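Trainee: I'd like a close look at one part of this model, taken slowly. Please pick a helix, then tell me what packs around it.

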Amino acid sequence: MGGRSARPLRVAVDLTRLGQGGQNGGVKPLVFRFLQWIAAARGAEFRFVYFTKSSLVPEVEAWRRDLDRQVCIGESEGCRPPADGSSRPGFAWDPRGIEDWSSRWPADVLYAPLGFSPFCRPSLPWVSLIVDTLHRDHPGMLPPGEVAFREQWFREVLAGADAVQCISQFVKGQLQACYSVPADKLFVTYCA
């Protein structure tokens, strides 16, 4: 890969499905720590644009690097975006949402840690995260509707994503066994 330009890799990150506080259980701290780690490990090689709803603005602003951007594309229930000038450089409020986002915030790759994303574009490589196969391993622990939803969601993500991040070798093996996903499409990053 010696032919890569000196320009930083622009990574769009869809955080719009994350909720405030602990609404997403352990997934949000996992995603936040991973993003912080890769930003620190790769330095200026990567530039991130974090797309969020208004409820997540303070949480992402707490750890976002100055060279990255956070774009608030919509309001969460009961949460308004910061007033103009109240946040540090790199913050933008874009009420147009995801409509034609790629012309305003160009990216080389999309990271969708909660599966499928409305930010997906045919020519944009897409990486997704799958943390477990609970609906296959222990379907009785979930309502039948959730099992059906997860099954459909997994099939869509695994068919569409260019690469899938797993949190363990077990999850990677389950995706290969249950969905016949090629090993070279899957990679493992362990939890911090």
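Mentor: Helices here are DSSP runs of H or I with at least four residues, strands are runs of E with at least two, and both are numbered from the N terminus. The expected span of a helix is 1.5 Å times one less than its number of residues. Keep in mind that this is a predicted model: local features need pLDDT of at least 70, side-chain atom pairs need 80 or more, and totals for chains, interfaces and linings use all residues. Residues count from 1 along each chain as its sequence is written, and side-chain values use heavy atoms, leaving out hydrogens and water.

Let's take α5, residues 144-160. Its 17 residues reach 24 Å from the first C-alpha to the last, close to the 24 Å expected at 1.5 Å a residue. Which of its residues are buried (under 20% relative accessible area with a 1.4 Å probe, protein chains only; exposed is over 50%, partly exposed in between)? They are V147, R150, E151, W153, F154, V157 and L158. An α-helix has 3.6 residues a turn, so residues three or four places apart point the same way. The cover over those buried residues of α5 includes β6, α4 (134-137), β7 and α6.

Now zoom in on R150, which sits in α5. It has 14% relative accessibility, so R150 counts as buried. Its contacts (heavy atoms within 4.5 Å), leaving aside neighbours within four places in sequence, are D132, T133, L134, H135 and L142.

On to the nonpolar side of things. A nonpolar core is a set of buried Ala, Val, Leu, Ile, Met, Phe, Trp, Tyr and Cys residues joined through side-chain atoms within 4.5 Å. The largest core has 28 residues, and F51, W101, I130, L158, V164 and L175 touch the most other members. At least two residues each come from β2 (46-53), β3, β5 (109-112), β6 (126-130), α5, β7 (163-166) and α6 (169-179). The biggest contributor is α5, with four residues.

Take F51 as a look into that core. Not counting residues up to four places away in sequence, F51 touches A12, V13, D14, L15, T16, V71, I73, W101, W105 and F119. Apart from this core lies another, of 25 residues, and L15, L30, A39 and F46 are among them.

F46 also turns up in an aromatic cluster, where ring pairs link it with F32, F48, Y50 and W63. Rings of Phe, Tyr and Trp (its six-membered ring) pair if their centres lie within 6.5 Å; planes under 30 degrees apart are stacked, over 60 edge-to-face, the rest tilted. In this cluster, F48 and Y50 are stacked, with 5.6 Å between centres and 10° between planes, and both residues are buried.

Back to a neighbour of our helix: α6, part of the cover over the buried residues of α5, holds Q176. Unlike R150, which is buried at 14%, Q176 counts as partly exposed because its relative accessibility is 30%. Setting aside neighbours within four places in sequence, Q176 is in contact with V181, A183 and L186. For the last of those, the C-alpha atoms of Q176 and L186 are separated by 8.7 Å, with the two residues ten apart along the chain.

So, back at the start: α5 is the element that gives the most to the largest core.
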